[in-house]
Amino acid sequence: MKISEQWIRQWVEPGLSSAELAQLLTMAGLEVTTVEAAAGDFRGVVVAEIVAAAAHPGADKLRVCQVNTGSETVQVVCGADNARVGLKAPLARVGAELPGDFRIEQRTLRGEQSRGMLCSEPELGLSASGDGLMELAEDAPLGEDLRSYLDLDDQVINLELTPNRADCLGLRGIAREVGVLTRKKFSEPEFNPVKPSVDVSFPVKLENPEACPRYLGRIIKGVDVSRPSPAWMRERLRRSGLRSIDAVVDVTNYVMMELGQPMHAFDLDKLREGIVVRKARDDESLLLLDGRSVSLNTDTLLISDAAGPLAVAGIMGGADSAVSESTTDLMLEAAFFSPLALAGQARSYGLATESGHRFERGVDYDLQRRAMERASQLLIDIVGGDAGPITEAVAEDQLPTVKPIALRRERIPRLLGFTLENEEVERILEGLGLLLNTTGSGWRAKVPSWRFDINIEVDLLEELVRIHGYDNLPLRRLRSVQYIKARPEQTLCIRQLRLHLANRDYREAVTYSFIDPAAQALFDPEITPLQVRNPISKELSVMRSSMLPGLVNALRYNVNRQRYRVRLFESGLCFLPGAEGLEQRPFLAAVITGRRLPESWAEQGEQFDFFDAKGDLESLLALADDSAAFRFEPAQRTGLHPGQTAAVWRGEKFLGHVGALHPACQAHYGLGAPVYLFELDLEVLRDRVLPEFRELSRFPEIRRDLAVSVDETVNAAEIVKNIQDISVAYLTNIMLFDMYKGKGIDPKRKSLAFGLTFGDSSRTLSDQDIAKSVDQVIDFLQKTYHAELRE
């Protein structure tokens, strides 16, 4: 938000330089991003009037003008389209200096002498763009220095306000802050309420009082819209970043910048029967002031009449009811709209307006009558007319309620770390507009209608320290008893899991918790995701039920930037709707694609496969020291390849999936190389089995290798588990070290080779002991799986 420093000083004189004022506001939470001159650095420019203008005899686009400076008439050659007799415009006299060290000299242009230059706004550094000469008011005094006439020795302060400080989106709020910060009284301009001079009104009806609990209207008849806005008003609007349009629009914009209350004016002759504040109906549309026609959503709040929509409430008016040059009667509007009702409405139509910006953050709900009176007074002073009575429609039960807040005296030093005198507490809070009543333990504060961000005691404490000044806080060494939270050894820390994957050459990704509904449907079509009420975009409008969509999207982002070996992981919450409401569960997921090893002269460019992802996953599971409890089973999951997917179990608890990305998903994301991934439920994974000491055997272990052929459908992991379950004597470990299908093997069978390790802690085993145990295993395999022993 931009505001004139001179305008602030008319309300409150802080006794500070521009730089000091900017620093003071910034340290109080109203960040000043820039302080810029209101005009370019020029001198020697005066108010002048064109008294004669004729076409240049030697150039079609130039005019030879006779210009009255008040003391003399000079000839100036000008190429502006709006150069005409009677126009008052800035004249840079011979010897004048314009922005950019441009000095005006007497010149001859195509044979005609030119003694000076008639100026546009950009040439004087008053705006970035503009067509034609700068047009001054008809009553501008000839010969007066332009800087003096327009009071251009001013600074424009640009504020970057946080969303909670909507009260400072008007000069009134900023001046109040400056006053309390500098201990100076701020004075609002005095004006008397406009007494009705005609008994005419326009009825107002609130169909949606929860969205618009207060609406004020007033008719002003007999206005002359052709009268221009005064120069001081146009200048203040320009320095606020708003362009002058006509007197009626300028007044409504001026009141918005002064008080913070957006307003709108309708042409009364274009309205029918009465104003109705309601939601849009099916198939309604509206031609906006910017020339665009929009189809209205049914949740959009409208200002309408008997003929249809007139304006999108609080955002932009309609062209069909707009004030024009032929307007003689006005209907002024000042309303309070609920911030929740207007949140996201402007963005849904691709609009960004000053009024919408204010209403979305919250406008003072008790300001509308004052703003109406101020606008009425300004309009009658500028364009004339007769005002009718103010019509107000209000739903008191729907207006925001203000509950008193107790501020305990003993909480100030306890939470802020320093003490404040009672008088200082009262000065600060009352200066901000709060009404205080003293109690035995402190104060009871009533929050003003313009402060939506003060709700509890700590908000009051924040105001105290903010106004007291962060630079004024005492330096004190903090002392606190610190307790280290116990971390059970039976629980794996998420940091351990992240570090483990990082050590295996993975990179951690951080993606949004909200994702594209189309991506959600690719992986979890059976889940109805939680909708985001006010999404950043349509592509980020649902909460994720899986880590995979965001992680695969991050992988695609890297691949599209010529990263041909990508290994990413992410941990975070997923949002799972259930019978008992929304459940937030922590998950860990990883994706890989591309080369198995970084590119080098020694590598053959082997690509990742399923077993690379499975191997990384198994190394992660090993951290739980419970390898016997984990098992992999063939499975299917939406979004993964049906023939390359396994479910991971920990006992009877489902842990997650590992597999290859489904070709359809791969095509959806535009990925050429295969992608392998896994996703785990951290609540199941993080339980850890504590290791127990077991004395190492002093006697050697003995290994026997066993190769058998079995039906190709038999699962090798199942064989290993079942051999462990039959309690083979002296067997300490079993592992699968080879699988073979091909020449010499029945096409419907496969060869599995197991390594059996035997040992005993009390003696060295004999060949007879080992043979007996091996025979037990062979016998089990033959009976259970019809296995055939291979030589």
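This is a short tour of two helices and several aromatic contacts, in a model that is predicted.

Begin by selecting residues 171-182, which form helix H4. This helix has 12 residues and reaches 16 Å from its first C-alpha to its last, close to the 16 Å expected at 1.5 Å a residue. If you colour the helix by burial, you will find that 12 of the 12 residues of H4 are buried, so the helix is largely enclosed by the rest of the structure; among them are Leu171, Ile174, Arg176, Glu177 and Thr182. Step past the end of the helix to Arg183, which follows H4 and has a positive phi, near 60°.

While H4 is still in view, show the side chain of Arg176 together with Trp450, where the charged end of the arginine sits over the ring of the tryptophan, 4.0 Å from its centre. A contact of this kind can also be displayed by selecting Lys614 and Phe632, since the charged end of Lys614 sits over the ring of Phe632, 4.5 Å from its centre.

Turn next to the aromatic rings, of which a search of the whole structure finds 10 pairs. Select Trp11 and Phe186, whose rings have their centres 6.4 Å apart and their planes at 10°, so the pair is stacked. Trp11 lies in helix H1 (residues 5-11), whereas Phe186 lies in the loop between H4 and strand E12 (204-206), so this pair ties together parts that are 175 residues apart in sequence. Trp11 itself counts as buried, at 5% relative accessibility.

For another arrangement, select Phe336 and Tyr365, whose ring centres are 6.1 Å apart and whose planes stand at 65°, so the pair is edge-to-face. Here Phe336 belongs to strand E21 (residues 329-336) and Tyr365 to the loop between helix H9 (354-361) and helix H10 (368-383), so the parts tied together are 29 residues apart in sequence. Phe336 counts as buried at 2% relative accessibility, and Tyr365 is buried with a relative accessible area of 13%. Add Trp7, Trp232 and Tyr254 to the view, and you will see one aromatic cluster formed by these residues.

Finish at helix H14, residues 494-503, where the buried residues are Leu497, His500 and Leu501. They cover an arc of only 95° around the axis, which puts them on the same side of H14. Show the surroundings, and these buried residues are seen to pack against strands E30 (565-578), E31 (581-594) and E35 (675-681), as well as helices H17 (610-621) and H19 (682-685). The face turned away from the buried side of H14 carries the exposed residues Arg495 and Asn503, and just after the helix Asp505 takes a positive phi of about 75°.

How values were computed: Residues numbered from 1 in each chain as written. Predicted model: local features only at pLDDT ≥ 70, side-chain atom pairs only at ≥ 80, totals over all residues. Heavy atoms only, no water. Helix = DSSP H or I, 4+ residues; strand = E, 2+ residues; numbered from the N terminus. Expected span 1.5 Å × (residues − 1). Buried < 20%, exposed > 50% of the residue type's maximum accessible area, 1.4 Å probe, protein only. Phe/Tyr/Trp six-rings, centres within 6.5 Å; stacked < 30°, edge-to-face > 60°. Lys NZ or Arg CZ within 6 Å of the ring centre and 35° of its normal. Arc of directions from axis to C-beta. Contact = heavy atoms within 4.5 Å.
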